[in-house]
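Subject: Handover of the two-chain model

Hi,

Here is the structure we talked about. Please open it alongside this note; my findings follow below.

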Amino acid sequence: MTRFAMVIDTRTCIGCGDCVVACKTENKVPEGLNRDWIVEATNGTYPHLTTEFRSERCNHCSNATCVTLCPTGASHHWKDTNIVLVDPDMCTGCKACIAACPYDARLVMHPDGYIDKCTFCHHRVEEGLDPACVSSCPTRCMHFGSLDDPGSEVSRLLRTRKYKVLVPETGNEPNVYYLI
Amino acid sequence: MQEELLVTVRSNALIDPGLHIWTWEVAMYLFLGGLTAGVMIFAALMTVLRKDDEAPFATTQLAVIAPVVLSLGMTTLFLDLEHKLFVFRFYTSFQVLSPMSWGAWILLVIYPVSILQILSTLRAGYPQVASLADGFVIGRRIMDWCEAHRREIAMTAIPFAAALGIYTGILLSAFSARPFWSSGVLGPLFLVSGLSTAAALVALAARQHSERLLFTRIDLVLILVELALVALFIINLSTGSAQHIEALKSVTGGPFTLIFWVLFVGIGLVIPLLLELLEIRGLDRRIAVIAPVLVLLGGYVLRQVMLDIGQESTWTSYPTQYNAELLNRLHD
């Protein structure tokens with residue numbers, strides 16, 4: 001399986017929300033729905049507070065429970081990569097994948113009814129481009145690439161910087177990394 | 001201080017601020033699916049054990065309820081689908097790791113088995129309907145064949161019906177993302193609950209006093225087993241890791257405490273248990289009849305409460321400062 005990863009530097013992210021807007025524009029996500037979002041995490045006691053911004057989305061898990069539990073095969077790994085997609089023509093809208101996602105990263109595509117989610121902009125990845133959110137980031141805190149290539153920027157960053165993933169205890173093996 | 005909150009909009013329907021994707025339609029299906037399983041198992045079991053005299057209703061008339069109840073359940077399940085036109089997609093693949101896929105195919109097998117089960121006792125249970133079918137050569141031959149193979153059909157019905165009853169619980173427990181469902185006890189619990197509701201249905205509908213009493217005794221045992229499974233379920237979660245312990249809080253002081261303990265355990269299990277004990281000792285039927293009604297109610301409440309709590313239990317949850325009503329201002 002080819003592993004694509006997103007590496008986001010929480011030290012340079014300012015939580016501006018451009019990635020969210022870029023995603024909505026690129027993917028024509030209907031009003032009121034979101035494939036990505038930003039979380040502000042504050043820790044400590046005043047005046048010693050630290051704040052971290054995290055741009056969050058589907059983690060395109062290597063062991064994706066949303067793929068495992070889908071009863072029709074609509075939820076699948078794209079072309080033997082870890083990129084998780086939903087085929088609208090296969091989806092019954094049973095919502096099992098929504099319940100199966102520990103990150104609550106899926107949504108019902110109203111009014112059509114099929115399930116929608118972040119695609120890592122696979123249509124751009126196919127052309128060798130970065131996902132829309134990554135390419136629009138004004139602080140260049142977001143990086144995208146293959147973990148199988150030791151020379152890729154994402155591999156290099158994960159070799160040289162401290163990082164974390166969200167709730168790895170789920171066992172889903174998420175592929176969105178946060179540099180800390 | 002440790003605070004994590006959403007600073008951009010996330011107001012995805014059915015997901016924010018808390019997951020609430022499945023409502024009464026799915027709970028009703030889980031309940032009716034369990035009831036169908038119980039009905040088929042008891043009808044088959046009484047046939048296999050040759051209880052025609054002790055349990056005439058269960059052996060000859062009960063089975064007809066199964067496809068009716070199951071069809072109702074599948075209707076409510078269909079109502080829940082968001083992409084209804086693509087419902088046929090359940091049958092264009094088989095996903096071996098998805099209990100929902102197993103369920104879809106089990107349902108497909110259950111129907112013919114159930115019809116054969118009904119035909120094998122139609123002449124004895126519903127002679128007027130059977131005489132209509134007897135008017136046709138094909139009808140007569142099919143019924144002859146089913147009657148000749150009555151025991152084999154019953155033996156076949158038991159494992160398929162048990163699979164139907166248990167899968168509804170496994171379906172929920174397979175969702176590792178929902179800590180409240182992370183217990184292998186859910187499968188057996190839903191199966192036993194389905195059997196209990198079916199026993200209650202017989203206790204309610206059978207005309208022969210001795211048959212009612214037999215199924216009251218059976219139900220008594222089933223309620224005791226169900227209580228034990230509920231206890232195991234609580235022990236299972238309370239000895240789990242942080243998110244399981246957190247999920248359990250919703251019934252130990254949290255928002256679902258009353259509905260779980262009073263409506264499900266109290267009114268749905270303990271009170272009917274006591275009433276059934278009294279019935280065996282000769283309690284007036286007019287009062288005793290409350291017990292099976294409560295068991296049926298408890299069966300539904302179990303599914304609804306499990307569904308509601310499970311969806312709310314989560315690994316990640318962020319408070320949001322976003323007010324969905326702000327969107328409407330765009331249109332003003």
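The largest nonpolar core has 158 residues. Val39(B), Met40(B), Phe42(B), Ala199(B) and Val202(B) have the most contacts inside this core. Helix H1 of chain B, residues 24-48, contributes the largest share, with 17 residues. Bear in mind that this is a predicted model.

Ala199(B) is a good place to start looking. Set aside its neighbours within four places in sequence, and Ala199(B) is in contact with six named residues: Gly38(B), Phe42(B), Phe215(B), Ile218(B), Asp219(B) and Leu222(B). Phe42(B) is in that contact list, and Phe42(B) is also among the residues with the most contacts in the core.

Confidence next. The complex comes with an ipTM of 0.92 and a pTM of 0.94 from the predictor. Chain B has a mean pLDDT of 93. In chain B, 97% of the residues reach 70 or more. Where pLDDT is low, the predicted coordinates should not be read in detail.

Chain B overall

Chain B has 15 helices and one strand. Its C-alpha trace spans about 75 × 50 × 40 Å along the principal axes. Of the 332 residues in chain B, 50% are buried. Take the contacts in chain B with a separation of 6 or more: 76% of them join residues 24 or more positions apart.

One residue of chain B outside that top group: Ala130(B). Ala130(B) sits in helix H6 of chain B, residues 127-134. Is Ala130(B) buried or exposed? Ala130(B) is partly exposed, because 17 other C-beta atoms lie within 10 Å, and a buried residue needs 20 or more. Beyond the residues up to four places away in sequence, Ala130(B) touches Leu122(B), Arg123(B) and Met143(B). Leu119(B) is eleven residues from Ala130(B) along the chain, and their C-alpha atoms are 8.5 Å apart.

Where the chains meet

How many residues of chain A are in contact with chain B? There are 47, and they meet 42 residues of chain B. On the chain A side, S2, helix H2 (65-69), helix H3 (96-100) and strand S6 (106-108) each supply at least two residues. S2(A) gives the most, with nine residues. By class, this side of chain A has 25 nonpolar, 18 polar and four charged residues.

The chains also share a sheet. Its order is S3(A)-S2(A)-S1(B), it is open, and the pairing is antiparallel. Strand S3 of chain A (48-56) and strand S1 of chain B (2-6) are the edges. Each has a single partner strand, so one side of each is left without a neighbour in the sheet. Neighbouring strands here are turned by 15° against each other on average, direction ignored.

Now the two pairings in that sheet. S2(A) and S1(B) are antiparallel and pair over five bridges. In that pairing, Glu40(A) stands opposite Leu5(B). Strand S2 of chain A (residues 37-45) is joined to S3(A) by nine bridges, also antiparallel. Which residue in S3(A) is the bridge partner of Ile38(A)? That partner is Ser55(A). One general reminder for viewing: in a regular strand the side chains alternate between the two faces of the sheet.

A second sheet in chain A

Chain A has an open sheet of four strands, ordered S8-S1-S10-S9, with mixed pairing. Strand S8 (142-146) and S9 of chain A are the edge strands, each pairing on one side only.

Strand S1 (residues 4-9) and strand S10 (residues 176-179) of chain A run parallel, joined by four bridges. Ile8(A) stands opposite Tyr178(A) in S10(A). Strand S9 of chain A (residues 163-164) runs antiparallel to S10(A), with two bridges between them. Tyr163(A) has Leu179(A) as its bridge partner in S10(A).

A helix goes with this sheet. Helix H6 of chain A (residues 153-160) lies across S1, S8, S9 and S10 of chain A. Its direction is at about 110° to S8(A).

For a quick tour, I would begin at Ala199(B) in the core, then go to the shared sheet at S2(A) and S1(B), and finish with helix H6 of chain A on the four strands it lies across.

Best wishes

Conventions
Residues numbered from 1 in each chain as written. Chains lettered and ligands numbered in written order. Predicted model: local features only at pLDDT ≥ 70, side-chain atom pairs only at ≥ 80, totals over all residues. Pairing = 2+ DSSP bridges. Core = buried A, V, L, I, M, F, W, Y, C linked by C-beta atoms within 7 Å. Buried ≥ 20, exposed ≤ 12 C-beta atoms within 10 Å, placed from the backbone. Contact = placed C-beta atoms within 7 Å. pLDDT = per-residue confidence, 0-100. Axes fitted to C-alpha atoms, helices over the stretch in contact; angles between N-to-C directions. Nonpolar A, V, L, I, M, F, W, Y, C, P; charged D, E, K, R; others polar.
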